[in-house]
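Grab a pencil and work through these exercises with the structure open beside you. Try each task before you read its solution.

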Amino acid sequence: MTRTGIFPKDEYFMRLALREAVTAGEHGDVPVGAVVVKDGEVIGVGRNERELHSDPTAHAEVLALRAAARTLGGWRLTGAVLYVTLEPCPMCAGAIQQARITRVVYGAPDQKVGAAGSVVNILGDARLIHRVEVQSGVLAADALGVLQQFFDERR
C-alpha cells in the first residue's frame, strides 16, 4: 500500500537520514542513510558501511534495524517507521518485513534493484507474511542530489 501525502515529520526524519547518507559518502560508501522512529523518537540509525567493513550486508537499513532492535530489546519493531534515502533493495525489504516495520518512507526510487515497487514490490506482496505501508518521494531531489554528487566525484 502506497500513501500519497507527505507530512512535515516525514521531512524532518528524512533530513536525519540524509545526514547519515552524507556521512556514508565521506568514508567511501554509496551515500544511503536510514533512521528508525517509534512513537516520535529515533530508536536506530544507520548508513551504508559495506566498503568501511567489507560487509555486503552492511546496508543503511539493516544497520538501522539492528540498532533499533537493540534499543527496544527485541527484534519485533511493530509500530516503527523506517526512513531511508533510497528505495530498499530486496535484501533490505526482506529484513524490513522480518522486523515487522509498519511503514517505510523513502526518498529516491531505485530503478535497478528497488523492492518497494520500482522493480519488484516485496514490501506490498500480499503472499508474504507481512505487508508494509510505503511512502515514496520524500525529499527525493535531495536524496538524488547526494547520490549524484558522490558518483560525479568518482568519475
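**Exercise 1. Is Gln98 buried, partly exposed or exposed, and where does Gln98 sit?**

Before we start, keep in mind that this is a predicted model.

Step 1. Take the relative accessible area of Gln98, which is 48%.
Step 2. Compare that value with the cut-offs: buried means under 20%, exposed means over 50%, and partly exposed is in between. Gln98 is therefore partly exposed.
Step 3. Find its place: Gln98 belongs to helix α4.
Step 4. Now look at a partner further along the chain. Gln98 and Ala58 are 40 residues apart in sequence, and their C-alpha atoms are 17 Å apart in space.

**Exercise 2. Do the same for Gln148: which helix holds Gln148, and is Gln148 buried, partly exposed or exposed?**

Step 1. Gln148 is part of helix α5.
Step 2. With a relative accessible area of 49%, Gln148 counts as partly exposed.
Step 3. Check the distance to Pro31: the two residues are 117 places apart in sequence, yet 9.6 Å apart in space, C-alpha to C-alpha.

**Exercise 3. Sort Ser54 and Leu139 into buried or exposed, and say which loop each one lies in.**

Step 1. Start with the backbone. Ser54 has a positive phi of about 50 degrees, although Ser54 is not a glycine. Leu139 isn't a glycine either, and its phi is positive too, near 55 degrees.
Step 2. Place them. Ser54 lies in the loop between α2 (50-53) and α3, and Leu139 is in the loop between β6 (133-135) and α5.
Step 3. Look at accessibility. Ser54 has 66% relative accessibility, so Ser54 is exposed. Leu139 has a relative accessible area of 15%, so Leu139 is buried.

**Exercise 4. How do α3 and α4 pack, and which residues meet?**

Step 1. Read the geometry: the angle is about 20 degrees and the axes are 9 Å apart.
Step 2. Angles under 35 degrees count as roughly parallel, so α3 and α4 are roughly parallel to each other.
Step 3. Add the handedness: α3 passes α4 in a left-handed crossing.
Step 4. List the residues. From α3 come Glu61, Val62 and Leu65, and they meet Met91, Cys92, Ala95 and Ile96 of α4.
Step 5. Sort this contact by class: 6 residues are nonpolar, none is polar and 1 is charged.

**Exercise 5. Is Glu61 buried or exposed, and what does Glu61 touch?**

Step 1. Glu61 is in helix α3.
Step 2. Its relative accessible area is 4%, so Glu61 is buried.
Step 3. Leave out residues up to four places away in sequence. Glu61 then touches Ala34, Leu82, Val84, Leu86, Pro88, Cys89 and Cys92.
Step 4. Follow one of these partners, Cys92. Cys92 is in helix α4, and its relative accessible area is 0%, so Cys92 is buried.
Step 5. Apply that four-place rule to Cys92: the contacts are His59, Glu61 and Val62.
Step 6. Finish with two distances. Glu61 and Ala115 are 54 residues apart in sequence and 13 Å apart in space, C-alpha to C-alpha. For Cys92 and Glu26, 66 residues apart along the chain, the C-alpha atoms are separated by 22 Å.

**Exercise 6. How are α1 and α5 arranged, and what makes their contact?**

Step 1. The packing angle is about 5 degrees, with the axes 10 Å apart.
Step 2. At that angle, α1 and α5 are therefore roughly parallel to each other.
Step 3. On the α1 side you'll find Arg15, Leu18, Ala21, Val22 and Gly25, and on the α5 side Asp142, Ala143, Val146, Phe150 and Arg154.
Step 4. By class, this contact of α1 with α5 has 6 nonpolar, 1 polar and 3 charged residues.

**Exercise 7. Which residues of the largest nonpolar core touch the most other members?**

Step 1. The core has 41 residues, and the ones touching the most other members are Val36, Leu82, Ile96, Ile101, Val104 and Leu123.
Step 2. See who contributes: α1 (8-26), β2 (33-38), α3 (60-72), β4 (81-86), α4 (90-98), β5 (103-108) and α5 (140-154) each supply at least two residues.
Step 3. The largest share, 6 residues, comes from α1.
Step 4. Zoom in on Val36. Not counting residues up to four places away in sequence, Val36 touches residues including Val42, Ile43, Ala64, Leu65, Ala68, Leu82 and Ile101.

Key:
Residues are numbered from 1 along each chain as its sequence is written. This is a predicted model: local features need pLDDT of at least 70, side-chain atom pairs count only at pLDDT 80 or more; totals for chains, interfaces and linings use all residues. Side-chain values use heavy atoms; hydrogens and water are left out. A nonpolar core is a set of buried Ala, Val, Leu, Ile, Met, Phe, Trp, Tyr and Cys residues joined through side-chain atoms within 4.5 Å. Buried means under 20% relative accessible area, exposed over 50%, partly exposed in between (1.4 Å probe, protein chains only). Helices (H or I, at least four residues) and strands (E, at least two) are DSSP runs, numbered from the N terminus. Contact means heavy atoms within 4.5 Å. Axes are lines fitted to C-alpha atoms, for helices over the stretch in contact, and angles run from 0 to 180 degrees between N-to-C directions. Angles under 35 degrees count as roughly parallel, over 145 as roughly antiparallel, 65 to 115 as roughly perpendicular and the rest as oblique. A crossing is left-handed if the near helix is turned anticlockwise from the far one by less than a right angle, and right-handed if clockwise. Ala, Val, Leu, Ile, Met, Phe, Trp, Tyr, Cys and Pro count as nonpolar, Asp, Glu, Lys and Arg as charged, and the others, Gly among them, as polar.
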